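Thanks for sharing this one with me. Below are my notes as numbered points, meant to be read with the model open beside them.

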Amino acid sequence: MNAPGDGGPAIRPDGTVLGFDVGARRIGVAIGSAFGSGARAIAVVDVRDGNPDWPRIERLYKEWRPDGLVVGDPMTLDGGDQPIRKAARAFARELRSRMKVPVVMIDERNSSQEAAQRFADERADGRKRRRDADALDAMAAAIIVDRWLAAPQDAVVLE
């Protein structure tokens, strides 16, 4: 992977992006753009036997036509690797191969906890119900997109 600002194929900062929160059983998906009001959770894609539902991801890509893709980089709190990080990087490489647009990774530390807190707050306000909890992965993807929108220069471009 390339370091930030090294001249690799980055996503236009004014572009629209799909963001992904990669998990072992589900992948959260969100959409966002610099001209919107922040990222919006749009889908949760199943992962079966380590394989994402690629037809569903491809339909989302065709529906939203993003300028680039942002994948959360699930490192440990001290910046090290954890088991899902290898899967997230492999997913990002496969995305780039299939979609032929720039793909970047951005630090997603604590995004799942932040999504859980947002969900709890929205539930307390009556805007979410317990049955909406399946959307937590998509909310985490929205946080990943928001982080990219706030600091696109911090993203790491795939080689």
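**Notes on the core and its strands**

1. Trp 54 and Phe 91 are both buried. Please keep in mind throughout that this is a predicted model. For Phe 91 the relative accessible area is 4%, under the 20% limit, so Phe 91 counts as buried. Phe 20 is buried as well, with a relative accessibility of 1%.

2. How many aromatic pairs does the structure hold? There are 2 of them. One is formed by Phe 20 and Phe 91, in an edge-to-face arrangement with 5.4 Å centre to centre and 65° between the planes. This pair links distant parts of the chain, since Phe 20 sits in strand 1 (residues 16-22) and Phe 91 in helix 2 (residues 83-99), 71 residues apart.

3. Trp 54 and Phe 91 make a stacked aromatic pair, with centres 5.3 Å apart and planes at 20°. Trp 54 belongs to helix 1 (residues 54-64) and Phe 91 to helix 2, so this pair ties together parts that lie 37 residues apart in sequence. Through these ring pairs, Phe 20, Trp 54 and Phe 91 are linked into a cluster.

4. Now for the nonpolar cores. The largest has 24 residues, and those with the most contacts inside it are Phe 20, Ile 57, Leu 69, Val 71, Phe 91 and Leu 95. At least two residues of this core come from each of strand 1, strand 2 (26-33), strand 3 (40-48), helix 1, strand 5, helix 2 and strand 6. Helix 2 gives the largest share, 5 residues. As a general background, nonpolar side chains tend to be buried together in soluble globular proteins.

5. Which residues does Leu 95 touch, not counting those up to four places away in sequence? They are Phe 20, Trp 54, Ile 57, Leu 69, Val 71, Lys 100 and Val 103. Apart from the largest core lies another, of 14 residues, among them Val 17, Ala 30, Ile 106 and Val 157.

6. Val 17 deserves a look of its own. This residue lies in strand 1, and its relative accessibility of 0% makes it buried. Leaving aside neighbours within four places in sequence, Val 17 is in contact with Ile 11, Ala 30, Ile 31, Gly 32, Pro 66, Gly 68, Val 70, Val 145 and Trp 148. The C-alpha atoms of Val 17 and Pro 102 are separated by 9.8 Å, with their positions 85 residues apart along the chain.

7. Why is strand 6 (residues 103-107) described as largely enclosed by the rest of the structure? The reason is that 4 of its 5 residues are buried. Strand 6 pairs with strand 5 (residues 68-73) in the parallel sense over 5 bridges, and Gly 72 has Ile 106 in strand 6 as its bridge partner. With strand 7 (residues 156-157), strand 6 pairs in the antiparallel sense over 2 bridges. There, Met 105 stands opposite Val 156 in strand 7.

8. Finally, a check on helix 4 (residues 136-150). At 1.5 Å a residue, its 15 residues should span 21 Å, and the end C-alpha atoms are 21 Å apart, which agrees. The buried residues of helix 4 include Ala 138, Ala 141, Val 145 and Trp 148. Val 145 and Trp 148 also appear among the contacts of Val 17.

Note on methods. Residues are numbered from 1 along each chain as its sequence is written. This is a predicted model: local features need pLDDT of at least 70, side-chain atom pairs count only at pLDDT 80 or more; totals for chains, interfaces and linings use all residues. Side-chain values use heavy atoms; hydrogens and water are left out. Buried means under 20% relative accessible area, exposed over 50%, partly exposed in between (1.4 Å probe, protein chains only). Two strands pair if DSSP finds at least two bridges between them. Rings of Phe, Tyr and Trp (its six-membered ring) pair if their centres lie within 6.5 Å; planes under 30 degrees apart count as stacked, over 60 as edge-to-face and the rest as tilted. A nonpolar core is a set of buried Ala, Val, Leu, Ile, Met, Phe, Trp, Tyr and Cys residues joined through side-chain atoms within 4.5 Å. Contact means heavy atoms within 4.5 Å. The expected span of a helix is 1.5 Å times one less than its number of residues.
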